[in-house]
There are 2 protein chains.
Amino acid sequence: MVIETKPIRYYEARAEVAKALSHPSRLMILEALSERERCVCELTELVGADQSTVSKHLAIMRNVGLLETRKEGAQVYYRPRIKCLNGFFQCVEMVLRERWEADKVWVGDRE
Amino acid sequence: MVIETKPIRYYEARAEVAKALSHPSRLMILEALSERERCVCELTELVGADQSTVSKHLAIMRNVGLLETRKEGAQVYYRPRIKCLNGFFQCVEMVLRERWEADKVWVGDRE
DNA sequence: TTACCATATGGCCATATTACCATATTCTAC
DNA sequence: GTAGAATATGGTAATATGGCCATATGGTAA
């Protein structure tokens with residue numbers, strides 16, 4: 001009974017993208033960018049961390065292909081590279097919603 | 001110019017789900033489970049890691065609400081708790097596909 | 001040129017993650 | 001009851017991640 005799998009590289013590439021999405025500050029940034037492009041200084045203010053920290057978060061997302069950049073003078077504007085992030089977040093939302101429902105039922109059982 | 005955000009807890013909860021999806025072995029397991037439920041021993045053979053390692057991967061996904069379990073004798077069968085993972089993976093696929101296309105163009109530019 | 005602003009990178013430290021091994025727990029079979 | 005299989009958990013070591021500070025880089029403006 002051998003299960004069909006794809007080469008490890010396949011899963012590694014997908015895990016890398018998911019990992020880029022797995023930090024609160026990065027999700028906050030993505031949400032802000034879904035509205036419109038922003039420069040690093042705006043996002044630094046948004047996140048409230050050191051500018052170098054935010055720069056590294058942005059590099060992580062750009063490296064996996066989630067973001068792209070545009071230079072304007074000394075500023076660098078970041079924007080989403082894809083439009084499908086809704087599908088991703090809808091799924092995460094459903095996980096959280098179902099979990100919440102389950103917790104509610106479970107708590108109810110104890111009373 | 002203050003950007004609208006939600007409370008940190010909001011992003012943390014979502015990042016936690018994404019983090020549970022950000023390991024190659026866990027993605028391999030999810031793919032196998034999308035077909036049908038499996039016991040830990042099957043998944044251990046699939047991943048090719050120590051049984052305790054696989055058990056911990058499964059616990060991570062169960063704790064965030066991605067998987068649920070069913071006991072049958074001494075065995076524990078895991079299955080997905082939600083049906084929307086396609087939306088998630090379609091988005092990841094698109095990121096990878098777009099990145100691949102971009103790389104192709106870029107390489108072409110150098111020749 | 002110099003001074004200054006915006007961004008990226010290197011260094012370092014604290015913490016988190018992952019792996020394995022050993023062991024505990026739970027169930028089946030005898 | 002004991003033995004053994006299936007799974008979960010604790011310990012520990014190696015590596016990865018995330019934060020800040022300091023600094024490098026690239027741009028603007030005088």
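In this predicted model, a polar side-chain atom of K56(B) sits 2.9 Å from a base oxygen of DNA strand D. Both DNA strands, C and D, have 24 protein residues around them, and the notes below take each strand in turn before moving on to chain A. Residues are numbered from 1 along each chain as its sequence is written, and chains are lettered from A in the order in which they are written. As this is a predicted model, local features need pLDDT of at least 70 and side-chain atom pairs count only at pLDDT 80 or more, while totals for chains, interfaces and linings use all residues; side-chain values use heavy atoms, with hydrogens and water left out.

**DNA strand D**

- Of the 24 residues around DNA strand D (near means a heavy atom within 4 Å), S52(A), H57(A), C41(B), S52(B) and S55(B) come nearest.
- Sugar or phosphate makes up 61% of the strand D atoms within 4 Å of the protein, and bases make up the rest.
- Besides K56(B), two residues deal with phosphate oxygens of strand D: K19(A) has a side-chain N or O atom 3.3 Å away, and V76(B) has a backbone N or O atom 3.2 Å away. A polar contact here is a pair of N or O atoms within 3.5 Å; within protein, one must be able to donate a hydrogen and the other to accept it, and residues adjacent in sequence count only if both atoms are side-chain atoms.
- Two or more residues each come from α4 (51-63) of chain A and from α3 (40-47), α4 (51-63) and β3 (75-80) of chain B. Helices (H or I, at least four residues) and strands (E, at least two) are DSSP runs, numbered from the N terminus.
- α4(A) gives the most to this surface, with five residues.

**DNA strand C**

- The closest residues to DNA strand C are C41(A), S52(A), S55(A), T53(B) and H57(B).
- Sugar and phosphate account for 64% of the strand C atoms that come within 4 Å of the protein.
- H57(B) puts a side-chain N or O atom 2.6 Å from a phosphate oxygen of strand C, and Y78(A) has a polar side-chain atom 2.9 Å from a phosphate oxygen.
- On the base side, a polar side-chain atom of Q51(A) lies 3.1 Å from a base nitrogen of strand C.
- α4(B) supplies the largest share of the surface near strand C, five residues.

**The sheet of chain A**

- Three strands make an open, antiparallel sheet in the order β1-β3-β2, with β1 (38-39) and β2 at the edges, each pairing on one side only. Two strands pair if DSSP finds at least two bridges between them.
- β2 (residues 67-72) and β3 (residues 75-80) of chain A share six bridges, and K71(A) has V76(A) as its bridge partner.
- β2(A) and β3(A) form a hairpin with two residues in between, and G73(A) in the turn has a positive phi of about 65°.

**Helix α3 of chain A**

- Six of the eight residues of α3(A) are buried (under 20% relative accessible area, with exposed over 50% and partly exposed in between; 1.4 Å probe, protein chains only).
- The buried set is V40(A), E42(A), L43(A), T44(A), L46(A) and V47(A).
- Those residues pack against α2 (24-35), β1, α4 and β3 of chain A, where contact means heavy atoms within 4.5 Å.
- G48(A) follows the helix and has a positive phi, near 80°.
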